[in-house]
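Trainee: I have this model open and would like to talk through how it is put together. Could we begin with the inside and then turn to the sheet?

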Amino acid sequence: METETVRVEARGITQHVHVAGPADGTPVLLIHGNCSSGAFWHPLLRHLPATLRIVAPDLRGYGATDAAPVDATRGLRDFADDVAALLDHPALFGPPGARPVVAGHSLGGGVAMQLLVDRPDRVAGLLLESPVSPYGFGGTRDLDGTPTTADFAGTGGGSANPDFVKRLAAGDRGADQPTSPRNVMRATYVADPASLGTDEEALLDTVLSTAIGDDNYPGTAASVDTWPGMAPGDRGVLNTMSPRHFRIAEDLVAVPAKPPVTWIRGDRDVIVSDTSMLEFGQLGALGLVPGWPGADAYPPQPMVGQTRAVLDRYAAAGGSYREVVYPGCGHSPHVERPADFAAALLDLLP
């Protein structure tokens with residue numbers, strides 16, 4: 001599918017939106033994840049029919065959208081409100097009232113959940129690709145999302161690797177260090193770097209489009225005495241996903257109109273996993289962060305188990321979902337298994 005870009009003024013910022021397909025086509029809204037942009041969906045578009053109307057915005061602070069501040073105390077609502085403002089824009093979805101199927105990747109999965117909670121009348125179906133847990137990222141100990149510590153230590157802006165942040169800000173395109181954006185993408189975004197193929201440079205462009213700073217990525221942090229010594233702040237991207245600010249499970253289960261949900265993940269995902277290599281309980285258990293207080297005090301977060309438990313409750317309350325697991329696949333099934341992913345997306349269309 002050929003894409004064009006539309007610039008939309010909404011909520012006081014200029015949003016850059018990738019669009020493809022006819023204005024009156026079946027609407028599909030694609031919400032990208034952290035450290036990427038709307039262009040991260042381009043590998044998927046080659047596998048979708050031209051009859052769809054694809055709308056893939058750059059979230060604030062990514063791609064060419066303004067690097068507007070992110071208020072983390074609202075969880076992911078700054079992003080969700082920006083996306084909701086696009087639903088009735090005539091240059092994107094045509095006549096008012098569009099009800100797209102909404103697909104969200106990683107952080108974008110959390111944004112999609114928030115959009116469903118806030119605008120249930122506007123979501124025809126929900127595809128969650130490797131989504132952040134409904135209880136946030138890090139700092140919870142069980143399937144009910146019980147906080148590991150009262151101060152949510154080990155989550156938020158201070159959890160980012162500082163050398164990765166430095167290299168991201170510098171636009172580093174090298175491959176000589178493990179913390180270079182290219183190597184982080186190869187090691188964590190996909191299970192097999194070869195799956196990036198000829199799209200690698202364009203996908204790296206999306207990673208490097210990330211706005212860096214206290215108001216964007218990674219955000220602020222607070223020093224605490226609790227292991228591992230930092231807690232979330234109130235500004236910036238990583239703080240939006242701290243369980244201090246993002247806990248959407250109850251609202252998701254209670255949403256009155258429950259569209260069908262498809263949850264897609266890879267069994268080799270190292271970002272959103274019950275053994276995530278970016279989560280401090282797991283890192284401590286592996287001895288990679290010193291001073292770990294043990295499994296009773298700070299266990300790894302059961303991210304996948306939490307999502308399944310919440311979706312089971314969603315189904316019991318009148319909704320429906322299916323879980324799709326791709327073997328040998330990592331965090332980005334739409335890049336690694338685009339044809340299969342496209343088929344699953346098409347199955348959700350009304």
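Trainee: Which residues have the most contacts inside the largest nonpolar core?
Mentor: Bearing in mind that this is a predicted model, the largest nonpolar core has 70 residues, and those with the most contacts inside it are Leu29, Phe79, Leu92 and Tyr217.
Trainee: And which helix gives the largest share of this core?
Mentor: That is helix 4, residues 107-118, from which seven residues of the core come.
Trainee: What is Leu92 in contact with, leaving aside its neighbours within four places in sequence?
Mentor: With that restriction, Leu92 touches a set of valines, namely Val6, Val8, Val17, Val19 and Val55, together with Arg53 and Leu86. Apart from the largest core there is another one, of 23 residues, which includes Ala20, Ile54, Val101 and Leu348.
Trainee: Now the sheet: in what order do the eight strands come?
Mentor: The order is 1-2-4-3-5-6-11-12, in an open sheet with mixed pairing, and the twist from one strand to the next averages 20°.
Trainee: Why is one side of strand 1 and of strand 12 left without a neighbour in the sheet?
Mentor: Strand 1 (3-10) and strand 12 (321-326) are at the edges and each has a single partner strand, so one side of each has no neighbour in the sheet.
Trainee: How do strand 6 and strand 11 pair, parallel or antiparallel?
Mentor: Strand 6, residues 125-129, and strand 11, residues 261-266, are parallel and joined over four bridges, with Leu128 having Trp263 in strand 11 as its bridge partner.
Trainee: Which helix lies across strand 11 and strand 12?
Mentor: Helix 11, residues 303-316, lies across both, and it runs at about 165° to strand 11.

Methods. Residues are numbered from 1 along each chain as its sequence is written. This is a predicted model: local features need pLDDT of at least 70, side-chain atom pairs count only at pLDDT 80 or more; totals for chains, interfaces and linings use all residues. Side-chain values use heavy atoms; hydrogens and water are left out. A nonpolar core is a set of buried Ala, Val, Leu, Ile, Met, Phe, Trp, Tyr and Cys residues joined through side-chain atoms within 4.5 Å. Buried means under 20% relative accessible area, exposed over 50%, partly exposed in between (1.4 Å probe, protein chains only). Helices (H or I, at least four residues) and strands (E, at least two) are DSSP runs, numbered from the N terminus. Contact means heavy atoms within 4.5 Å. Two strands pair if DSSP finds at least two bridges between them. Axes are lines fitted to C-alpha atoms, for helices over the stretch in contact, and angles run from 0 to 180 degrees between N-to-C directions.
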